[in-house]
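Work through the exercises below with the sequence and the model open side by side. Each task is followed by a solution in steps.

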Amino acid sequence: MYLKLAWRNVWRNRRRSLITIASIFFAVLFANLMQSLQQGMWEKALSTTMSLSGYIQVQDTAFWDEPILDNGLVVNDSLVDQLQGLPNISNVTQRIQSGALVAHDSLSKFSLLYALVPSDEVHILELDKKLDSGSLISDEDEGILIGAGMARYFDIGVGDTLSLIGQGYHGASANGNFPIRGVIRYGTEQMSSSLVVMPLKLAQRHMSAPGVVTSLNVYPHNIDKLESTKQALGQVISDDHIRLMTWKEMMPELVQAFQADTGGNVIFLMVLYLIIGFGIFGTVLMMTAERMYEFGVLVSVGMKRFRLSIILFLETILLSFLGILAGSLASFPVMYYYNQNPIPMTGGAAESMKEYGFEAIIQGSISPDIFIADAGVVLLIVFLVNIYPAIVISKLNPVKAMRK
Amino acid sequence: MAVIEIKDVKKIYYPGSEIQVNALSGVNLTIEEGEFTAIVGPSGSGKTTLLNIVGGLDTSSSGSVNIDQTDITRLPENKLIDFRLHHIGFVFQAYNLIPVLTAKENVGFIMLLQKRPEQERNDRVTALLEEVGLSDKMDKRPNELSGGQQQRVAVARALASKPRFVLADEPTANLDSRSTGDLLDIMLRLNQEEGTTFIFSTHDQRVIDRARRVVTLEDGKIVSDVRQG
């Protein structure tokens, strides 16, 4: 009955209720869209970066200060399997990340060499989707993949051979010629022009480093539980020479950039929430003021003040729910569209993104967190706004209220 | 058997100031079960103030109001609201029905507050609306009813909680003569057949003529207390 009463009261003044719902609708719509584009841009940037680095890395303690192969780890499959079996762990991959000089004919340039286990990583790096020509490499392959930018630089393609000249493990030289199996479009232009992907086994042989990796890259199911996952990993790897680092520790400048970007938008969001707040407060103020007589009657006939406050609270909850629902329903198709059709960035903003090594696109996020966060903030506003009628009703003198 | 015992009740507004008003100056009154009592007097005589104090809506400056041996002037706010809900029925001059509820829902609302079972609520609401001659208007909202019909719904609502007595403040003030007659017929029938105690304030001579007891107030004092016909 209380809910029925609240629902009918909402529609007593249809125009005012519609205006209130509209104010919530537009604020939720704009807040959702803004957060979708902002969060989506960072989700995309992070997923691109993290696919290469992992969200947590297991390294030798010396590697961070001096990232060379000599500071790598000697790992065995049983350790990897053990880590893989921990809660919240989606994947643990073995990597050698190094630099090498690459040459073809009379041209040469520096390359980023990623050695990995292809069968483990194809779905993480989505190499199959990024293959431009040729084929992917297998775990036992003797060939390599190169970035499209590098292929253009050397004017080479599938079937050609590339020379890699670098340093191996503990002073050994690492020189060799490798056939190109495929060309991939990966990351930014800068990355694409210097990327070489090689099977881990081939790289370990090439560098005279059997069983050596520069890091184990860890991919959790839930990236919000990084710290607890790191602790769980630490309990299994109790070695003073091994260090665990989250992406936030490895890339503090990225965290700062994210905070700076989101910080600016907080002001805009505050303005939107203020609009919602005043919209609801205005309605509650009117609903309270014009119904003092009725409140007096209800308290007179035996209605507890608390219950009366609950009915008013239900009325504002219903109004807010309708606004949130309408705003969310209207924003979702737009968010979904920009999720499927990212906006390409241009000019300085695009250059700035590329400097960080991100793709210069804005992809809308459709994360449920966005809808839940907005609904949560509006509900908080409703709670705060309802303090006013609760105070008015608690102080209500029924005789005076009915005299008015 | 006395339902209400009012002893030396005084009500002073703005005490100690230059504009002090003695709304009630030591009122003593006993209302017996089953009485049909009119409180009459000129404007400002204290009729509404007395009814508000008896109904627990206002506080007295001194004195006591015993209802079934409970001095309601000493009850804390929450208990007083509960007391009103279970012991007193109210009929207001302006009907004061909840505009968004139907006649049936308005009458049942008090019983809902009393947490009575749904079946009991439905049965009693139907019976009461039949009693006041509105069985065909159960699903109408107040704005679809005439003033007289709204006041009959208000009477049914006042009786829904099975109160010890009904307080009615100028119940016929906004009604035409025919509606007034109909309402009085209903109230008298409920009084005679079901023994419901009614206390009402009024200026209306037609109402005064049909009351069994007429208590006259002037300047906050009872100046006459007459039992008639």
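**Exercise 1. A parallel strand pair in chain B**

Task: Find the bridge partner of Phe165(B) in S8(B), and state how many bridges join strand S7 to strand S8 of chain B.

Solution. This is a predicted model, and local features are read only where pLDDT is at least 70.
- Step 1. Phe165(B) has Thr197(B) as its bridge partner in S8(B).
- Step 2. Strand S7 of chain B covers residues 165-169 and strand S8 of chain B covers residues 197-202; the two run parallel and are joined by five bridges.
- Step 3. Place the pair in its sheet. The open sheet has six strands in the order S6-S7-S8-S3-S9-S10 (chain B), and its pairing is mixed.
- Step 4. Strand S6 (88-91) and strand S10 (221-227) of chain B are the edge strands, each pairing on one side only. From one strand to the next, the twist averages 20 degrees.

**Exercise 2. Helices against the sheets of chain B**

Task: State which strands helix H1 of chain B lies across, and which strands helix H5 of chain B touches.

Solution.
- Step 1. Helix H1 (residues 47-54) of chain B lies across strand S3 (36-40), S7, S8 and strand S9 (213-218) of chain B, at about 150 degrees to S7(B).
- Step 2. Helix H5 (residues 147-160) of chain B also packs on this sheet, where S6 and S7 of chain B are touched; the direction of H5 makes about 170 degrees with that of S6(B).
- Step 3. H1(B) has a further set of strands to consider: it lies across strand S1 (2-13), S2 and S4 of chain B, and runs at about 120 degrees to S1(B).
- Step 4. These strands belong to an open sheet of four, ordered S2-S1-S4-S5 (chain B), with antiparallel pairing. Strand S2 (21-32) and strand S5 (70-71) of chain B are at the edges with a single partner strand each, so one side of each has no neighbour in the sheet.
- Step 5. Two bridges join S5(B) to strand S4 (residues 62-67) of chain B, antiparallel. In S5(B), Asn66(B) has Asp71(B) as its bridge partner.

**Exercise 3. Nonpolar cores**

Task: Name the residues with the most contacts inside the largest nonpolar core.

Solution.
- Step 1. The largest nonpolar core has 90 residues, and Ile39(B), Ala156(B) and Leu167(B) have the most contacts inside it.
- Step 2. Leaving out residues up to four places away in sequence, Ala156(B) touches Val107(B), Leu128(B), Leu129(B), Glu131(B) and Val132(B).
- Step 3. Another core, of 42 residues, lies apart from the largest one; among its members are Tyr114(A), Ile146(A), Phe154(A) and Leu162(A).

**Exercise 4. The contact between the chains**

Task: Describe the side of chain B that touches chain A by element and by residue class.

Solution.
- Step 1. 14 residues of chain B are in contact with 14 residues of chain A.
- Step 2. On the chain B side, the elements giving two or more residues are helix H2 (77-87) and helix H3 (103-113) of chain B.
- Step 3. By class, that side has 10 nonpolar, two polar and two charged residues.

**Exercise 5. Helix length in chain A**

Task: Check whether the span of helix H2 of chain A agrees with its 40 residues.

Solution.
- Step 1. Helix H2 of chain A takes in residues 14-53; at 1.5 Å a residue, the expected span is 58 Å.
- Step 2. The end C-alpha atoms are 56 Å apart, which agrees.
- Step 3. Just after H2(A) comes Gly54(A), with a positive phi of about 80 degrees.

**Exercise 6. Exposed or buried?**

Task: Decide whether Ser173(A) counts as exposed or buried, then examine strand S11 of chain A.

Solution.
- Step 1. Ser173(A) is in strand S8 (residues 173-184) of chain A.
- Step 2. The cut-off for exposed is 12 or fewer C-beta neighbours within 10 Å. Ser173(A) has 11 inside 10 Å and therefore counts as exposed.
- Step 3. Beyond four places in sequence, Ser173(A) touches Gln167(A) and Gly168(A).
- Step 4. Strand S11 (residues 215-220) of chain A is mostly covered, with five of its six residues buried.
- Step 5. S11(A) pairs antiparallel with strand S1 (residues 56-60) of chain A over three bridges, and antiparallel with strand S3 (residues 89-104) of chain A over six.
- Step 6. Asn217(A) in S11(A) is the bridge partner of Gln57(A) and of Thr93(A).

Conventions:
Residues numbered from 1 in each chain as written. Chains lettered and ligands numbered in written order. Predicted model: local features only at pLDDT ≥ 70, side-chain atom pairs only at ≥ 80, totals over all residues. Contact = placed C-beta atoms within 7 Å. Nonpolar A, V, L, I, M, F, W, Y, C, P; charged D, E, K, R; others polar. Pairing = 2+ DSSP bridges. Axes fitted to C-alpha atoms, helices over the stretch in contact; angles between N-to-C directions. Core = buried A, V, L, I, M, F, W, Y, C linked by C-beta atoms within 7 Å. Buried ≥ 20, exposed ≤ 12 C-beta atoms within 10 Å, placed from the backbone. Expected span 1.5 Å × (residues − 1).
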